[in-house]
Amino acid sequence: MSSSSDSIFTSGFSEQRWVDQISKNFNKEYAIDISDVPVSIFNVPKAISDFKPEAYVPQVIALGPYHHFRPELYQMERYKVAAVQSFLNSHQNPDVQPLLIDKLKQLDPTIRACYHKYLDLDDNTLVWIIAIDGLFLLDLLRAYSDGFSGNKMTQNSVLCRDIVIQENQYPAILLKEIRKILQFVDVDENNYDYELYKMLRDFCIAHSPFPLRVKLEPPPNSFPLHLLDLMYHLILSAMPARIRSKKSASKSARVAPVDSFSNKAKEAVEIEMMKEDLILNVKDIMNIKSSLVIGGGGEAWRPVQPVQSVPWERIYNLLGLKSTPSKVDETNTPIVEEISIPSVTNLSKAAGIMFQPAGGIRDVEFNEKECTLYLPVITLNNNTEVLLRNLMVYEAAISNSALELTQYVDLMCGIIDTAEDAKMLIESGIIKGELTSEKTADLFNGMNKSGGNVRNRTKEKINAYFNKKPRVKVYRFWKKKVYDAWKALTVLSTILLLLMLILQSFCQVYGCARFFGRINY
């Protein structure tokens with residue numbers, strides 16, 4: 001039995017099961033060519049899931065083997081079985097069940113080839129999981145194709161959320177095989193592809209945060225691997241390139257810039273943060289004096305007591321010698337990082353940049369001549385964050401991906417810092433949906449930037465345009481000089497306070513009159 005703690009096996013029995021499965025693959029009876037079956041259902045790396053683990057696991061229902069035996073999800077099994085029984089009864093053929101199980105057993109190597117993780121399950125267990133979950137998913141998809149008629153499952157937002165989880169995906173190739181078995185007639189395979197494609201597409205249209213073309217087109221040359229795969233590719237090719245005109249540049253479609261330098265009531269965010277830091281430093285200096293305990297105790301301890309009572313941690317912080325660890329570090333939770341780019345508010349106020357809806361993800365662009373950033377319309381709800389996170393994970397797992405969706409999400413996370421930023425994009429018509437501006441800001445602020453090396457050219461263009469603005473240069477020069485001056489003043493004040501404490505301790509023990517003379521008032 002394997003003794004390694006990170007082994008894919010849980011027992012010696014599991015190792016023997018693996019040997020049996022490998023042996024079957026070499027048996028002629030089970031000889032199936034799986035070289036053309038791509039791995040499409042991946043595990044989410046821990047480095048990604050640590051930021052928000054609940055976004056990558058199902059909450060109410062498991063599809064496929066990855067989460068099937070989690071106790072908190074198993075109560076949904078009876079609902080799945082009931083739905084499957086109703087689905088099969090509609091075919092009125094008692095032979096469908098053994099026929100389906102037998103066919104899926106022959107496809108065991110194909111089933112396992114679809115999953116990135118080794119499946120430590122025997123053939124019968126795996127086949128029954130695939131059969132029940134596949135029939136349940138087909139029944140649910142049929143409800144979307146029929147216009148949600150009579151199926152309460154389609155109205156369950158948590159259930160729909162679970163269906164788009166990366167680790168909860170179900171291979172479309174197995175859905176095709178199950179549909180072939182259920183039809184009992186020889187029909188051109190493209191017809192089956194077309195019908196299944198339509199059902200998958202209707203689900204994507206109903207739950208995509210971006211507008212998709214409603215017109216149904218024939219299935220692409222390469223059939224989608226699963227629901228999330230189809231959702232991803234439909235989003236990337238969602239809308240044709242925008243058609244610009246003079247009307248499209250109207251004020252109603254833009255956010256008008258506000259001159260921050262003529263409105264003293266609304267300071268830039270960075271200035272406010274700088275002022276808060278300086279005020280806190282001054283307060284710390286005042287608190288140091290008030291926290292001292294002088295007097296009392298034996299004569300020998302009198303020089304030590306003032307030094308003992310000094311709040312050294314505050315002094316270290318003021319001098320920049322020590323920083324207080326954040327709560328994030330104490331809990332070992334990864335720190336969320338964003339790309340370096342000004343917020344919507346700063347882009348609008350300091351650089352006069354406007355915002356206008358674009359066609360789709362591939363239409364994201366900053367036009368310097370128009371001084372306008374074009375962004376696709378996105379509709380947010382309580383499930384959008386989960387969908388975006390899982391789409392980004394899937395995009396990262398695809399070979400030769402340009403990470404187009406990830407670059408868009410990085411850009412949105414970078415420019416939305418506060419509720420005011422989100423409000424401006426809502427008013428411009430770029431962000432829609434049921435989330436408030438506060439929840440919208442929380443959504444994008446909680447997503448970590450991608451770790452890829454792909455250049456975000458839109459970000460680079462915006463930063464270059466922003467940094468060359470004269471008002472921005474003046475502001476940064478003023479900020480740097482004033483902040484450095486105040487920081488130096490804070491350090492000098494702290495040092496002076498320490499010298500006064502030393503002199504006070506010295507005078508309490510040895511007396512200062514014989515050195516400096518007595519002062520007469």
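What follows is a conversation between a trainee and a mentor about a predicted model.

Trainee: Let's start with the strands. What makes β1, β3 and β2 an open sheet with edges?

Mentor: The three strands are ordered β1-β3-β2 in an open sheet. β1 (354–358) and β2 (365–367) each have a single partner strand, so one side of each is left without a neighbour in the sheet, and both stand at the edges. From one strand to the next, the twist averages 25 degrees.

Trainee: Why is the pairing called mixed?

Mentor: Look at the two pairings separately. β1 and β3 run parallel and are joined by five bridges, while β2 and β3 (residues 372–376) pair in the antiparallel sense over three bridges. With both senses present, the pairing in this sheet is mixed.

Trainee: How do you know that β2 and β3 count as paired?

Mentor: A pairing needs at least two bridges, and β2 and β3 have three bridges. One of the facing positions is N367, opposite T372 in β3; another is F366, which stands opposite L373.

Trainee: Which residues of β3 are the bridge partners of M354 and F355?

Mentor: M354 has T372 as its bridge partner, and F355 has L373.

Trainee: What does C371 do in the hairpin of β2 and β3?

Mentor: That hairpin has four residues between the strands, and C371 takes a positive phi near 55 degrees.

Trainee: What makes β3 largely enclosed?

Mentor: Five of its five residues are buried, so the rest of the structure largely encloses β3. Its two faces are both covered: T372, Y374 and P376 are buried on one side, and L373 and L375 on the other. For β1, four of the five residues are buried, so β1 is largely enclosed too.

Trainee: Now the rings. How many aromatic pairs does the structure hold?

Mentor: There are six aromatic pairs. A good one to begin with is Y66 and Y115.

Trainee: Why is the pair of Y66 and Y115 called edge-to-face?

Mentor: Check the distance and then the angle. Ring centres must lie within 6.5 Å to pair, and planes over 60 degrees apart count as edge-to-face. The centres of Y66 and Y115 are 5.3 Å apart and the planes stand at 70 degrees, so this pair is edge-to-face. Y66 belongs to the loop between α2 (46–49) and α3 (77–89), and Y115 to the loop between α5 (108–113) and α6 (123–145), so the pair ties together parts that are 49 residues apart in sequence. Both residues, Y66 and Y115, are buried.

Trainee: What makes Y197 and F223 an edge-to-face pair?

Mentor: The same two checks apply. Their centres are 6.4 Å apart, with 65 degrees between the planes, and the pair is edge-to-face. Y197 lies in helix α9 (residues 189–207) and F223 in the loop between α9 and α10 (227–236), so parts 26 residues apart in sequence are tied together.

Trainee: How do you know whether Y197 and F223 are buried or exposed?

Mentor: Buried means under 20% relative accessible area. Y197 has 2%, so Y197 is buried. F223 is at 15%, so F223 counts as buried as well.

Trainee: What makes us say that the charged end of K176 sits over the ring of F223?

Mentor: For the distance part, NZ of Lys has to be within 6 Å of the ring centre. The charged end of K176 is 4.8 Å from the centre of the F223 ring, and it sits over that ring.

Trainee: Why does S40 count as buried?

Mentor: Its relative accessibility is 3%, so S40 counts as buried. S40 lies in the loop between α1 (12–26) and α2. Setting aside residues up to four places away in sequence, S40 touches C114, Q166, L225, H226 and Y394. Y394 also forms one aromatic cluster with F42 and Y232.

Trainee: What makes helix α15 largely enclosed?

Mentor: Eight of the eight residues of α15 (residues 344–351) are buried, so the rest of the structure largely encloses this helix. Just after α15, G352 takes a positive phi of about 70 degrees.

Trainee: Last one: how do α4 and α8 pack?

Mentor: Helix α4 (residues 96–106) and helix α8 (residues 172–183) pack at an angle of about 145 degrees, with their axes 10 Å apart. Their crossing is right-handed. V96, L99, L100 and K103 of α4 make the contact with E177, I178, I181 and L182 of α8.

Methods
Residues are numbered from 1 along each chain as its sequence is written. This is a predicted model: local features need pLDDT of at least 70, side-chain atom pairs count only at pLDDT 80 or more; totals for chains, interfaces and linings use all residues. Side-chain values use heavy atoms; hydrogens and water are left out. Axes are lines fitted to C-alpha atoms, for helices over the stretch in contact, and angles run from 0 to 180 degrees between N-to-C directions. Rings of Phe, Tyr and Trp (its six-membered ring) pair if their centres lie within 6.5 Å; planes under 30 degrees apart count as stacked, over 60 as edge-to-face and the rest as tilted. Buried means under 20% relative accessible area, exposed over 50%, partly exposed in between (1.4 Å probe, protein chains only). A charge sits over a ring if NZ of Lys or CZ of Arg is within 6 Å of the ring centre and within 35 degrees of the ring normal. Contact means heavy atoms within 4.5 Å. A crossing is left-handed if the near helix is turned anticlockwise from the far one by less than a right angle, and right-handed if clockwise.
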